[in-house]
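The following paragraphs lead the reader through the packing of several helices and through the pairing of charged side chains. Please keep the structure in view while reading.

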Amino acid sequence: VLLPPSLDLIYPTMASNLVRVLRSAPRSQQHVVSISKRELSALLTPTEEFPGIPATSPSTSSASKASVTTLSNGLTIVSENASSTSTVSLTFPYAGSSSESASEGGAALVNRYLAFKSGSGLSSAIILRNLENDGATPFASVSKSSSTVGYTAAKDKALRLVPLLATSCSFEKWDMNDAKALAGIEVEEATSNVSSVLSDSVFAAAYGAQSAYGKSLYSNSSPSSVAIQSFHQKAYGLNGAVLAATGIDDHEVFVKAVEAGLIESYVGKAASAAIASPFISGETRIHAPSTGSAHVALAFQGPKGSTPLSSIIQTCIDLSSNAITGFTNPSTGLTGVYATCAPSDAVSATDALCGSITTVPSADIITRAIVLAKKQALLSLDSGSSQNLALKMTESVLETNSFGFSNVAAAYDDVSVDQVQAAFSVMSKSAPAVAAVGDLSYVPYQGSLVSRFS
């Protein structure tokens, strides 16, 4: 049965304020040009053969401008005005698995699949039908640290759908069953994927398998309904959240509309980050000979809280060898190197991994890495998708409480050669955490590597 497109008909049970906001939000104006005939004239120039048709030489586009505002309820809104499409995302910075209590294992993942489910008097069908009618593409994601829900739509539809990002979830039985089932499928896929298993193994070796960051996002495929609701209540409040929007022409108007649209949404208390997990230089080994290869990673405690510095360190590692890949996590400071090889080549591959950290890069390599990392960062902002841009805006606000293209470039320029060399010097004198997955017949144990880092 097709539901009627009129909001007046499909929103009979919505809370009064949500109805008002969705009805009053600006819609695109229709511009109709009526041309009864070709209207050719000797007075017309070749550039105006068809009167009334827009000019074929549009004005030069202006540079992107970003603005940041924090509301009284603790929600921070960041927007930019240059994107041709709008992505609106709402990120809850402490809704990742690292914020789960001992009894809430798996709740972060299930809550991801409760995005756009029944809430605020609206059924899942009505919520999704509104997104579909406006041509919006919804998305939701979760990580160890945070959770994000959002949509990408035409610029004229962006504001109208904002209230659907923060409906008060009613935890209907059928929605919960669906969410648990989807989470279970993701757990099954993740635990059978080498890259995902190795990633979890790195964090477990670095911080301990039972620590906030060491435990896996996929630790429990069937958390209780009580745990799911408890975690949602704790982590999904507007206080401390970040709403990022691309393609917004007027930031002030957008802020006022968002404040009105989310006035009935749950605010909650300002959530706090999980207790920092100390780096323990441990080891995780998962022997699976059937894979036919060895995947080895070494991790260290690097500088945290600076995406530019972490990116430059990773670029330095990548420049050291084509067979080695660097990885960093700016929020925790986890920095490491990874390689995959034939089981019989594991010793030489591990030697190369060690050398990429113990050899402090020269000033020339670091200077080159700074240029490359900065170009990559700016390119990802300028030519990536609007969803990726919204993600980068959110990351910047959470890290520096600001965002701007010029700010990004300046942040990379501010990183010095001495800072990068100091980071490598510290790591080269620290015992590594070792994670290995696959055929480990020839992979050295962590204890045999410690002496190389002193």
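**Helix packing and a salt bridge**

In this predicted model, helix 10 (residues 346-358) packs against helix 14 at an angle of about 135°, and their axes are 8 Å apart. Angles of 65 to 115 degrees count as roughly perpendicular and those over 145 as roughly antiparallel, so helix 10 is described as oblique to helix 14. On the side of helix 10, the residues that meet helix 14 are S356, I357 and T358; their counterparts in helix 14 are F424, M427 and S428. By character, the residues of this contact comprise three nonpolar, three polar and no charged.

Helix 14 (residues 417-428) also packs against helix 9 (residues 307-320), here at an angle of about 70° and with the axes 10 Å apart. Helix 9 is therefore roughly perpendicular to helix 14. The crossing of these two helices is right-handed. Helix 9 contributes L309, I312, I313, C316 and I317 to the contact, while helix 14 contributes Q419, V420, A423, F424 and M427. Nine of these residues are nonpolar and one is polar, with no charged residue in the contact. F424 and M427 of helix 14 thus appear in the contact with helix 9 and also in the contact with helix 10.

Helix 9 has a further partner in helix 11 (residues 363-382), which it meets at an angle of about 115° with the axes 8 Å apart. This crossing, too, is right-handed. From helix 9 the contact draws on S311, I312, T315, C316 and L319, and from helix 11 on I365, I366, R368, A369, I370, L372 and A373. The residues divide into nine nonpolar, two polar and one charged. I312 and C316 of helix 9 take part in this contact and in the one with helix 14.

Attention now turns to charged side chains. Side chains of opposite charge can pair when their charged atoms come close. The whole structure holds 10 salt bridges. One of them links D249 with K155, whose closest N and O atoms are 3.2 Å apart. D249 lies in the loop between strand 6 (242-245) and helix 8 (251-261), and K155 in the loop between strand 5 (147-153) and helix 5 (173-191), so the pair ties together parts that are 94 residues apart in sequence.

Finally, the confidence of the prediction deserves attention. The protein has an average pLDDT of 86, and 85% of the residues score at least 70. Residues 1-51 have a pLDDT below 50, although this stretch makes 59 contacts in the model beyond near neighbours in sequence. Residues 55-61 likewise have a pLDDT below 50, and this stretch has zero such contacts. Where pLDDT is low, the predicted coordinates should not be read in detail.

Note on methods: Residues numbered from 1 in each chain as written. Predicted model: local features only at pLDDT ≥ 70, side-chain atom pairs only at ≥ 80, totals over all residues. Heavy atoms only, no water. pLDDT = per-residue confidence, 0-100. Contact = heavy atoms within 4.5 Å. Axes fitted to C-alpha atoms, helices over the stretch in contact; angles between N-to-C directions. Helix = DSSP H or I, 4+ residues; strand = E, 2+ residues; numbered from the N terminus. Parallel < 35°, antiparallel > 145°, perpendicular 65-115°, else oblique. Left-handed = near helix turned anticlockwise from the far one by under 90°. Nonpolar A, V, L, I, M, F, W, Y, C, P; charged D, E, K, R; others polar. Salt bridge = Lys/Arg side-chain N within 4 Å of Asp/Glu carboxyl O.
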